[in-house]
Amino acid sequence: MEKIARIKGTLSIIQFKEGKNTILFCPALELTGYGANEVDAKLSFEVTLKEFLRYTIQKKTLNKELERLGWTRKGKKIIQPDFSDLLL
């Protein structure tokens with residue numbers, strides 16, 4: 001039976017157009033989703049995020065990957081880098 005992990009948090013996402021595509025980019029995780037419109041881009045991003053979490057949890061590399069991306073630990077909480085630091 002597969003275990004279900006619950007992760008709660010907020011991510012900053014940048015939305016922009018490139019040609020005819022809508023792009024969603026999350027600098028804190030370096031993840032992207034895209035589609036012909038905002039709905040398709042959101043669905044694409046959700047798939048990308050779920051796959052990132054599934055893979056890193058399964059390989060037991062989530063904490064290491066978050067550290068590589070500049071996240072820090074404060075007690076039980078994991079804090080993403082400041083948005084302004086991600087855009088440098």
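User: Which side chain meets Glu51 in a salt bridge, and what is the N to O distance?
Analyst: Happy to start there, keeping in mind that this is a predicted model. Both partners lie in helix H1, 3 residues apart, which is about one turn of the helix. The side chain that meets Glu51 is that of Arg54, with N to O at 2.5 Å.

User: Is Arg54 buried, partly exposed or exposed?
Analyst: The relative accessibility of Arg54 is 39%. The partly exposed class runs between the 20% and 50% cut-offs, so Arg54 counts as partly exposed. Its salt-bridge partner is Glu51, and Glu51, with a relative accessible area of 38%, is likewise partly exposed.

User: How many salt bridges does the structure hold?
Analyst: One of them is the pair Glu51 and Arg54. Another joins Arg68 and Glu65, and Arg68 also forms one with Glu30. For the structure, the total is 4.

User: How many residues apart in sequence are the parts that Arg68 and Glu30 tie together?
Analyst: A good one to trace on the model! In this salt bridge the closest N and O atoms are 3.5 Å apart. Arg68 sits in helix H2 (residues 62-68), while Glu30 belongs to the loop between strand S2 (21-26) and S3, so the parts tied together are separated in sequence by 38 residues.

User: Which residues are joined into one network by salt bridges that share partners?
Analyst: Begin with Arg68 and Glu65, whose side chains meet at 2.7 Å, N to O; both lie in helix H2, 3 residues apart. Arg68 is exposed at 51% relative accessible area, whereas Glu65 is partly exposed at 22% and Glu30 partly exposed at 48%. Arg68 also bridges to Glu30. Through shared partners, the network consists of Glu30, Glu65 and Arg68.

User: Which residues does Leu49 touch, leaving aside those up to four places away in sequence?
Analyst: Leu49 has its place in helix H1 (residues 38-58). Its C-alpha atom is 8.8 Å from that of Leu29, a residue 20 positions away along the chain. With those sequence neighbours left out, Leu49 touches Leu11, Leu29 and Leu31.

User: Which element of the chain has the highest mean pLDDT?
Analyst: Over the chain, pLDDT averages 90, and 92% of the residues score at least 70. Among the elements, the lowest mean, 76, belongs to helix H3 (residues 83-86). The highest mean, 98, belongs to strand S3 (residues 31-35).

Technical notes:
Residues numbered from 1 in each chain as written. Predicted model: local features only at pLDDT ≥ 70, side-chain atom pairs only at ≥ 80, totals over all residues. Heavy atoms only, no water. Helix = DSSP H or I, 4+ residues; strand = E, 2+ residues; numbered from the N terminus. Contact = heavy atoms within 4.5 Å. pLDDT = per-residue confidence, 0-100. Buried < 20%, exposed > 50% of the residue type's maximum accessible area, 1.4 Å probe, protein only.
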